[in-house]
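Colleague: Got a minute to go through this model with me? I'd like to hear what stands behind the labels.

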Amino acid sequence: MKKAIAVQDFDNLDIDLEEFRKYGYKVIDAITEYYSTIKDRKIISESSSKEIEKVFEETLPLTGTSVNNILGEWHNRVLPHTTHLGSPRYFGFVNGSGSMISVFADALATSVNMNSGGWKAGPAATEIERRVIKWIAELINYPTICGGLLVGGGTIANFSALLTALRNTADYNTTEEGLQSNKKRGKFTLYMSDHEGHISIVKAADMINLGRNAIRRVPSNEDLTMNTDALEKMLDEDIKDGLIPFCIVAQVGSINVGVVDPLERIAEICKERKLWFHADGACGAFGAILPEIAQMYKGLEQADSVTLDPHKWLYIPYEAGCLLVKEEEKLRRTFSIAAPYLQGTLPSDYNGLDFFEYGPQMSRGFNALKIWMTIKNYGKEGYQKLLRQNILCAKHLHQLVLQSDVFVPMHQPQLFIYAFRFFPLQLRNKNEEEIKSYLDVMNQKIADTITASGFAFIMTSKIKEKIVIRLSICSHRTTIQDIDKVFEKLTTIAGELKEKKEIY
Ligand SMILES: Cc1ncc(COP(=O)(O)O)c(C=O)c1O
């Protein structure tokens, strides 16, 4: 008989508890120190991407390293090459700033390591997520009888929404037969505005295998909202051509200019034609918590599904996306699948909610905790204050641009996104088309220069084919003084570049 392995040969490699406590305090000290300096830090690393790649080049560790050395790596290698999204002058993409209580939430959630894919592996995690979904619905005045779940971000929320839309509108069983069925009568199509429709919808259409061309781009109004007359005309023509429209996607706070599509009208069109109404509110749906702009969101409550991104305008650290679906059963039907190994036996009163039945993931982290704790920490009123501050900053920036000889506005700010363009007064009597490439290059260069300085992080985008400077002001730390300082710096940079006639 073989000798049994002795118990003392086993080792779980857990950290010694006293050591854990000691380093835990050190970590919290380091994080506190970080927060105390976040406003003054250079926002980007000074190293190039190649240099940073090199910093992390190392062979696979074959033997273990002490906690002390590993935590030292955070200070020596990670922090110096961090982009500080929590800075009040970070305005890139549509990136949120990260609530502080989420640091506690993430540490605590990780300590218990619940899997919120199934109720049995995460009862409290499941119930907290269920509650968070209800609170998010309530915050934006969406019917709280809705279903929904947390996902990694807006793209996965949009993917889940479009699949749910297709499953619940197609006239044959797409779950079992997919797109290969001979019952399919034609090409499925969906609709979003041509200028502001977000690429995550294109990605989602691709992922559900409809092909990117399934997206029909609806002409926009002057303010870049969807033109619903054009939408109706397009639908009529497409149906005549044998296409099968199944979903309209409205932007609720769009990527370039933060506009909200005419939701009530889109809801009516969807109802009349039995189409799925999806609202992509990743950027701006949380604005619905402000009564003073509630009018803009009228009709959102009629959407069949809504995408939200708590990691954007709810200031939750990555990742935190969310999908709401008005009729929960439609979401469940889309993703539910059974297997004997998912059932098992538990006490007979078990009737918990299994989130793996409601979305693309089986295993899921305990992301609900940081949202739950942050909503408790700020309260609805706290959030209203923060959102108002962001909108105020965008409006203030608009005023500065209006008074400037250097920049011109590209739109009226609606929410927290604001775009404008370098176009100095001396050149405004010229034919803009003839100097377009000069202006484009200057706008890009101005944004790149301020970002390279580490003082602010600003990107460009394109509005009606013109390169514009675009700020996404969704940090809970940004103040009017930050906007003033950044605008002053942008004006100085523009003057210096003009003088140097620097064009790359
Ligand atoms: C309108 C809109 N929808 C969807 C997304 C995608 O969200 P995520 O980056 O969280 O996947 C974004 C991202 O900026 C967005 O602005």
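Colleague: What makes Lys312 a polar contact of the ligand?

Modeller: A polar contact is a pair of N or O atoms within 3.5 Å. An N or O atom in the Lys312 side chain is 3.1 Å from a ligand oxygen atom, so the pair meets that cut-off. Keep in mind that this is a predicted model, where local features need pLDDT of at least 70, side-chain atom pairs count only at pLDDT 80 or more, and totals for chains, interfaces and linings use all residues. Side-chain values use heavy atoms, leaving out hydrogens and water, and residues are numbered from 1 along each chain as its sequence is written.

Colleague: How do you know that the protein covers the ligand?

Modeller: From accessible areas (Shrake-Rupley method, 1.4 Å probe). The ligand taken alone exposes 390 Å², and the protein buries 84% of that.

Colleague: Which polar atoms sit by the ligand at Gly154 and Asp280?

Modeller: At Gly154 a polar backbone atom is 2.8 Å from a ligand oxygen, and at Asp280 a polar side-chain atom lies 2.8 Å from a ligand nitrogen.

Colleague: Why are Gly154 and Asp280 counted among the residues surrounding the ligand?

Modeller: A residue is near a molecule if one of its heavy atoms lies within 4 Å of it. There are 15 such residues, and Gly154 and Asp280 are among the closest.

Colleague: What is buried between domain 1 and domain 2?

Modeller: About 2100 Å², 66% of it on carbon and sulfur atoms. Buried area is the accessible area (1.4 Å probe) that two parts lose on being put together, summed over both. Asn256, Trp313 and Tyr315 supply 33% of what domain 1 buries against domain 2.

Technical notes
Polar contact = N/O pair within 3.5 Å; in protein donor to acceptor, adjacent residues only side chain to side chain.
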